[in-house]
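Student: I am new to this structure and should like to look closely at a single part of it. Would you please choose one, describe it carefully, and then relate it to its surroundings?

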2 protein chains.
Amino acid sequence: MREVKNICDCKDCVIRNLVFAHLKDAEFENVCTLKLEKDYRKGEIIYEKGQYTEHLIYLKKGMVKYYQSFHDNRNSIITLSIPHDIFALITIFQPESVHQFSMSAVEDSTVCFIPIKIIKDIILENGNFSLDLIQKNNQAAQQIINHFLLLNSKNLRGRVAHVLLHLATHIYHKDIFELPVSRKEIAELIGMTTENVIRTLSEFRKEKIIRINGKEIEIVEKERLHKISLYG
Amino acid sequence: MREVKNICDCKDCVIRNLVFAHLKDAEFENVCTLKLEKDYRKGEIIYEKGQYTEHLIYLKKGMVKYYQSFHDNRNSIITLSIPHDIFALITIFQPESVHQFSMSAVEDSTVCFIPIKIIKDIILENGNFSLDLIQKNNQAAQQIINHFLLLNSKNLRGRVAHVLLHLATHIYHKDIFELPVSRKEIAELIGMTTENVIRTLSEFRKEKIIRINGKEIEIVEKERLHKISLYG
DNA sequence: CGCGGCTTTGATGTTCATCAAGTAAAGTGG
DNA sequence: CCACTTTACTTGATGAACATCAAAGCCGCG
């Protein structure tokens, strides 16, 4: 948690295009004035399970993971999120309550904090905003449910293939990219062990489906990867 | 889908205590007049994936399952729901959209259908209602997430133990009950095969942790079951 | 009464976790 | 900036957990 800024550049902020589309000008000014921005370095924790929720949190830049940590040091990543993800909202909106899960930066990130109180006031006054928020929230919930269902219906190879395709298609929009996460984190995302994730990546490499250079991944045979993902 | 009733007995309905607590009298009358009730027999489908969503659906009586069915006849049950479950709401609220998953009656059930249009109007007008709905929705989402995280962190015995404890503690509030679902459905709920669910139940029986008589289950050694559930 | 779905148990095989051990990379302190 | 330590990555060998296949009994329903 570095510097705390409050530059009111929200007019251009992506969040405007999400739930905040229906904000009236006065409301928007208010949000903009009272919001805070913080920068996080890769690896830093944004909040932890058990902490009191006082803000609606919105990811402006970077990538975060929303995760559960268990007693025995194991983690499960519920979702990776980037700006524009509607998801970035659901996580968070539990007025007067406590975070059920944790969030940390997977890449250097900028996070906006908007006091829950303000959001609540807007909900009370602005029906269109509420409607939008409800719909976006439910969409986010369904995406998370889909993620878990998908996992449960795939084997190791299918799961790894799916993650790679997801990163290429929905996050980076190209077939060569730097893995934003460690092998361990991929394992935590798909519910398998680190060793087996590595083994599977090596298999894909040997089968010439992908090329690997450290953190850099290139998807060479997208079609085959797709088939594997559709049940390994 | 039997008879369609409209008896305006909503004043006593459990739903009043949920999101509808903040409804103004006129709004409530409106909901009550325009809602429909339908009875479903055990096994009947309430809606299927892909159907157009025109109603907010609320479970008044019985038990339903919310599930995903895959191409190859396999199913995953996302959650079992009974009246009072806040869950019963989230599933459903996707105005102008299409159901992502399916719902069917696990026991004989009564379901209330409230046209989305009305709910939308109330959201637009009644901020307290919106606020409540948002909070309840998010709570429901978190419960589902927790269900999946729990599964992923447990082995076969732990999962079966957990289901039994869940039924006894949160659904029936006693240690002897009739299983509302088939062994196959338990399997679909915990992501294991029917055979292994049966085998595990038999093990528990042989170890005198539970007694089984067809569909009737008695939990004899709750403490041991708890330990198994906390990681078998 | 017979058929199909649900339940049960056993035998077998596959998939994946675990353990082990070594290399590479990245952070840390002098 | 280099030695040191730690963390990430990699591969192999082994065993455990679970799926799959098979066969038979049971129950409810038409």
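Tutor: A leucine in the core

Leaving aside residues up to four places away in sequence, Leu164(A) touches Ile210(A), Ile217(A), Ile219(A) and Leu225(A); contact here requires C-beta atoms, placed from the backbone, within 7 Å of each other. The model is predicted, with pLDDT of at least 70 required for local features and 80 or more for side-chain atom pairs, whereas totals for chains, interfaces and linings use all residues. Residues are numbered from 1 along each chain as its sequence is written, while chains are lettered from A and ligands numbered from 1 in the order in which they are written.

Leu164(A) and Leu164(B) have the most contacts inside the largest nonpolar core, a set of 100 residues. Such a core joins buried Ala, Val, Leu, Ile, Met, Phe, Trp, Tyr and Cys residues through C-beta atoms within 7 Å. A residue is buried if 20 or more other C-beta atoms lie within 10 Å of its own, exposed if 12 or fewer, and partly exposed in between. In soluble globular proteins, nonpolar side chains tend to be buried together.

One of the partners of Leu164(A), Leu225(A), belongs to helix α8 of chain A, residues 222–229, where Ile228(A) and Ser229(A) are buried as well. (Helices, H or I of at least four residues, and strands, E of at least two, are DSSP runs numbered from the N terminus.) The buried residues of α8(A) line one face of the helix, because they fall within an arc of 100° when seen down its axis; the arc is that of the directions from the helix axis to the C-beta atoms. They pack against α5 (156–172) and β11 (216–219) of chain A. After α8(A) comes Tyr231(A), with a positive phi near 145°.

A contrasting position is Lys208(A), in the loop between α7 and β10 (210–213) of chain A. Lys208(A) is exposed, with 10 other C-beta atoms within 10 Å. Its phi is near 60°, a positive value in a residue other than glycine.

The two chains can now be considered together. Chain A superposes on chain B by a rotation of 180° with 0.0 Å of shift along its axis, at an RMSD of 0.0 Å; the fit is by least squares on the C-alpha atoms of residues with pLDDT of at least 70 in both copies. The copies are thus related as by a two-fold rotation axis. Both use the same surface, since 100% of the contact residues of chain A recur in chain B. Each chain contributes 31 residues to the contact. On the side of chain A, β6 (75–81), α3 (116–125) and α4 (127–152) give two or more residues each, and α4(A) gives the most, 16 residues.

Lastly, there is the DNA. Around DNA strand D there are 15 residues, of which Ser182(A), Arg183(A), Ser202(A), Asn155(B) and Leu156(B) come nearest; a residue is near a strand if its C-beta atom, placed from the backbone, lies within 6 Å of it. The surface near DNA strand D draws at least two residues each from α6 (183–190) and α7 (194–206) of chain A and from α7 (194–206) of chain B. With 6 residues, α7(A) gives the most. DNA strand C is also surrounded by 15 residues, the closest being Asn155(A), Leu156(A), Ser182(B), Arg183(B) and Ser202(B). There the largest share, 6 residues, comes from α7(B).

How values were computed. Two residues are in contact if their C-beta atoms, placed from the backbone, lie within 7 Å.
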